[in-house]
Amino acid sequence: MSNTHTNIVLIGFMGSGKTSIGRLVAQRLGFQFIDTDAVVVERVGLPIAEIFAHHGEAWFREQETSALRSLAILNRAVISTGGGIVLRAGNRALLRELGFVAWLTASEEVLFERVSRNKKRPLLHTDDPRTTVHELLATRRPLYEEAAQITVDSSLLTHEAAANLLIAEARRAFSWPAR
Ligand code: S3P
C-alpha cells in the first residue's frame, strides 16, 4: 500500500464518533491518540470557537493544514481529524501519507441529532443548522470517500465493534501479523 507511516487516521463529519472510537482503537493497540483540533488549539492557544470568531475559517484552515503537516513524524498513532480536513486536496494527500485512512460516517439524521447536543461547533451556529448540516455533508461526502480506504458506519455498530473492525482492517492493510 502507498502509506508511508503506520498510523490509523480517522476522517468524517462532526459527530461521526472519530474521537470516542479513535481513543478506543488507540487504547486497544497501545498507540498514541492525537486529535488535529487539539493540536491546533494547543499551538494557537485558543479554543476552536474563538479561533473562528477572532480569525475566521480560512485562518483556521491554515492552522489545520500546518497541524496535519506537523504529524508527519508519527508512527503507531491513531489520528482523529476535524470534519473539514478533507476540504483541501493537499490535506487529502497528506492523510494518505500518514497511514490507513478510515471514514467514519452515519446517516444525516443521526449526525444532526448528535451535533445538536454539542453547541461548541462554530460552523453550526447558523439560523438553520439542519440545512447547514445537509449542505456541508453534500459537499464533503465525495471528499471523505476519495480520501478514505474504508468506510465504517458508526450508527450501525457499537463503539467496541467499530474499533474492532478498524483494527482488523488496519491489520490487513499494513500486513500486521494476526495476534
Ligand atoms: C469542523 C469540525 C470540527 C472542527 C471545526 C471545523 C468542520 O471538528 O475542526 O469546528 O469543518 O467540520 P470535529 O469534526 O471534531 O467536530
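Biologist: The side chain of S154 reaches the backbone oxygen of S16; what makes that a polar contact?

Modeller: The distance is 2.9 Å, and a polar contact is a pair of N or O atoms within 3.5 Å; within protein, one must be able to donate a hydrogen and the other to accept it, and residues adjacent in sequence count only if both atoms are side-chain atoms. Mind you, this is a predicted model, where local features need pLDDT of at least 70 and side-chain atom pairs 80 or more, while totals for chains, interfaces and linings use all residues. Numbering runs from 1 along each chain as its sequence is written, and side-chain values use heavy atoms, leaving out hydrogens and water.

Biologist: Why is S154 called buried?

Modeller: Its relative accessibility is 5%, and buried means under 20% relative accessible area (exposed is over 50%, partly exposed in between; 1.4 Å probe, protein chains only), so S154 counts as buried.

Biologist: Which residues does S154 touch?

Modeller: Leaving aside residues up to four places away in sequence, S16, I21, T105, A106 and R114. Contact here means heavy atoms within 4.5 Å.

Biologist: How do you know that strand 4 and strand 5 pair?

Modeller: DSSP must find at least two bridges between two strands; these have 4, in the parallel sense, so they pair. One bridge sets W103 against T151 in strand 5. (Strands are DSSP runs of E, at least two residues; helices are H or I, at least four; both are numbered from the N terminus.)

Biologist: And what makes strand 4 mostly covered?

Modeller: In strand 4, 7 of its 7 residues are buried.
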